[in-house]
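Visitor: I would like to go through this model term by term, and to hear the grounds for each label that is used.

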Amino acid sequence: MEILKDALGPDEILDGLCASKISRKIVVFKSTSSTNDIAWQYSLNKENDGIVVFAEEQNAGRGRRGNKWYAGFGKSLLFSALILDCKISREMLPLVSAVAVAESISDFGGKGVQVKWPNDVMVDGKKIAGVLVEFRGDDAVIGIGVNCHQQKADFPDELKESATSVDMVLGGFCDRRDFARKAIENLEKWLDISAKDRQKVLDKWQMLSSLLGKMVGVEYNNQHFYGNCIGVDPQKGLILQLERGGVRMFDAAHTSILK
Ligand code: BTN
């Protein structure tokens, strides 16, 4: 296996970390199925609330709507946080997580970071990170994948024009251990904000939104719809002022944005 300059380890990530709820425990796998699955295994013991599972590589990484999520060994930051008895709603949690990741990239010097409904983080119109939130009852796992060390050649052909990485955006080397700390701290911060005042999250999300005020095409139940994006509702989804007239909402579970 390749030797990594920024190999992940619990101590390296915990060193200087300012968080008290998320990351009470950190585990790191060199290779695993999906960090979300491992986080769910930990959910059987209540003492694991707040555990964060990292992996250098996943062989069954998954994205939204059954998509596969692939990243080469040590190239991305792949992690999942377990939140037992989560007080944030299942509609809000993906938005909270996307805002936290977007802010982390900005904190690292990334310019023009945006969120693309429902759970993508974008720079210059290219995807840099994705969030997959899963609920089982009131327990939640927030899975986050951030492209860090990829260069264009590292992405599969179909993603070469539509994906980017933190290194590409910064024109430098992003130490994933530093980024992991920042992401955990921001996640904890935005979870706290959301628990107190969810409108603050929605305002921040709208501010970062790449779709708001733009013409958007969506596929919903095998049909295409086009319209101006006039907002996002955490429960009902993307709100479009349709070209053909009328306002319609499209829920995240059944909708994908057309390229
Ligand atoms: C998406 O863009 O569709 C969401 C991608 C989420 C990928 C991350 S990588 C860490 C965690 N483990 C998984 O299997 N998926 C999430």
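Guide: What follows takes the ligand, then the domains, then two backbone features.

Guide: This is a predicted model, in which local features need pLDDT of at least 70 and side-chain atom pairs count only at pLDDT 80 or more, while totals for chains, interfaces and linings use all residues. Residues are numbered from 1 along each chain as its sequence is written, and side-chain values use heavy atoms, with hydrogens and water left out.

Visitor: Which residues that surround the ligand are the closest?

Guide: The closest are Ser34, Gln58, Arg62, Arg64 and Lys127, out of 20 residues that surround the ligand; a residue is near a molecule if one of its heavy atoms lies within 4 Å of it.

Visitor: Why is the pair between Gln58 and the ligand called a polar contact?

Guide: A polar side-chain atom of Gln58 lies 2.9 Å from a nitrogen atom of the ligand, and a polar contact is a pair of N or O atoms within 3.5 Å, so the pair qualifies. A polar side-chain atom of Thr35 lies 3.1 Å from a ligand nitrogen, and a polar backbone atom of Arg62 is 2.7 Å from a nitrogen atom of the ligand.

Visitor: How much of the ligand's accessible area does the protein cover?

Guide: The protein covers 98% of the 410 Å² that the ligand has on its own, with accessible areas from the Shrake-Rupley method and a 1.4 Å probe.

Visitor: Which element gives the largest share of the shell around the ligand?

Guide: That share, four residues, comes from β6; strands are DSSP runs of E with at least two residues, numbered from the N terminus.

Visitor: What makes up the contact between domain 1 and domain 2?

Guide: The automatic or database assignment gives domain 1 (10–208) and domain 2 (215–257), whose C-alpha centres lie 25 Å apart. Contact means heavy atoms within 4.5 Å, and it takes twelve residues from domain 1 and 14 residues from domain 2.

Visitor: How much area do domain 1 and domain 2 bury between them?

Guide: They bury about 1000 Å², 61% of it on carbon and sulfur atoms, where buried area is the accessible area that two parts lose on being put together, summed over both. In domain 1, Arg65, Glu91 and Trp117 lose the most area to domain 2.

Visitor: What is the peptide bond from Trp117 to Pro118, cis or trans?

Guide: That bond is cis, with omega near 0°, and Pro118 sits in the loop between β4 (113–116) and β5 (120–123).

Notes
Polar contact = N/O pair within 3.5 Å; in protein donor to acceptor, adjacent residues only side chain to side chain. Buried area = accessible area lost by both parts, 1.4 Å probe.
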